[in-house]
Amino acid sequence: MKVLLFIPLLFSLLSMTTAQTKSFYDFTSTDIDGNEVKMSEFKGKKVLVVNVASECGNTTQYETLESMYKKYGRENFVVVGFPANNFGGQEPGTNAEIKTFCASMFHVTFPMMSKISVKGNEIDPLYQWLTSKSENGVMDAPVTWNFQKFMINEDGTLEGMVKPDVEPDCDKIIKWIEQ
């Protein structure tokens, strides 16, 4: 009888542990040109994941993100942009239009992924992991608007989040990059 009670408890503990051991590196996305990108390509780097939009009040953050990407180099730090149209229809364009906009307006050279959903029933699996403590083992951090920033450490673990209206070059992110 004791064994029968123990088995469900064991399965419950194993499922919680499994969900929390998944890392950023376990995901694959599609870049803005349609190519598969394994997040494991960023192993050993700090990664700032940002959901972006072209017609948002925060869109000027592209400039700061690009500046940070250039300043901190591609060896130890990378910004990865994920266009999303979840808030106020502020990213209505196609991937080609988004790419042209980013290149012409902000000279973006950091990796840009294909447009995804960052919330709701159609949420991308990576964003499901980023926003759910049950999956990332760190925190619940639902995306509240465009330009929410997630900090991934060199081991592929979520370390923190910065709200959309906070500039990317805030003290919290700069200290994290430089540590």
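**Note on helix α3 and the four-stranded sheet**

1. Start with helix α3, residues 95–106. Its 12 residues should span 16 Å at 1.5 Å a residue. The C-alpha atoms at its ends lie 16 Å apart, which agrees with that expectation. Bear in mind that this is a predicted model.

2. Which residues of α3 are buried? They are Ile-98, Cys-102 and Phe-106. These three cover an arc of only 35° around the axis, which puts them on the same side of α3.

3. Now turn to the other face of α3. The face turned away from the buried side carries Ala-96 and Thr-100, and both are exposed.

4. Ala-96 deserves a closer look. This residue sits in helix α3. Why does Ala-96 count as exposed? Its relative accessibility is 53%, and the cut-off for exposed is over 50%. In sequence, Ala-96 and Ser-114 are 18 residues apart. In space, their C-alpha atoms are 9.3 Å apart.

5. What follows α3? The next residue is His-107. Its phi is positive, near 55°.

6. Next, the sheet. Four strands form an open sheet in the order β4-β3-β5-β6. The pairing is mixed. Strands β4 and β6 (158–162) are the edges, and each pairs on one side only. On average, neighbouring strands of this sheet are turned by 20° against each other, direction ignored.

7. Consider the pairing of β3 with β4. Strands of a sheet pair through backbone hydrogen bonds, either parallel or antiparallel. Strand β3 covers residues 46–52 and runs parallel to β4. How many bridges join β3 to β4? There are seven. Two positions can be checked by eye. Val-50 stands opposite Gly-81 in β4. Asn-51 stands opposite Phe-82 in β4.

8. Is strand β4 buried or exposed? Seven of the seven residues of β4 (residues 77–83) are buried, so the strand is largely enclosed by the rest of the structure. This holds for a strand that is at the edge of its sheet and pairs on one side only.

9. The residues of β4 point two ways. Phe-77, Val-79, Gly-81 and Pro-83 point one way, while Val-78, Val-80 and Phe-82 point the other way. Both sets are buried. Gly-81, opposite Val-50, belongs to the set with Phe-77. Phe-82, opposite Asn-51, belongs to the set with Val-78.

10. To sum up, α3 has buried residues such as Ile-98 and, on the face turned away from them, exposed ones such as Thr-100. In β4, residues pointing either way are buried.

How values were computed:
Residues numbered from 1 in each chain as written. Predicted model: local features only at pLDDT ≥ 70, side-chain atom pairs only at ≥ 80, totals over all residues. Heavy atoms only, no water. Buried < 20%, exposed > 50% of the residue type's maximum accessible area, 1.4 Å probe, protein only. Helix = DSSP H or I, 4+ residues; strand = E, 2+ residues; numbered from the N terminus. Pairing = 2+ DSSP bridges. Expected span 1.5 Å × (residues − 1). Arc of directions from axis to C-beta. Axes fitted to C-alpha atoms, helices over the stretch in contact; angles between N-to-C directions.
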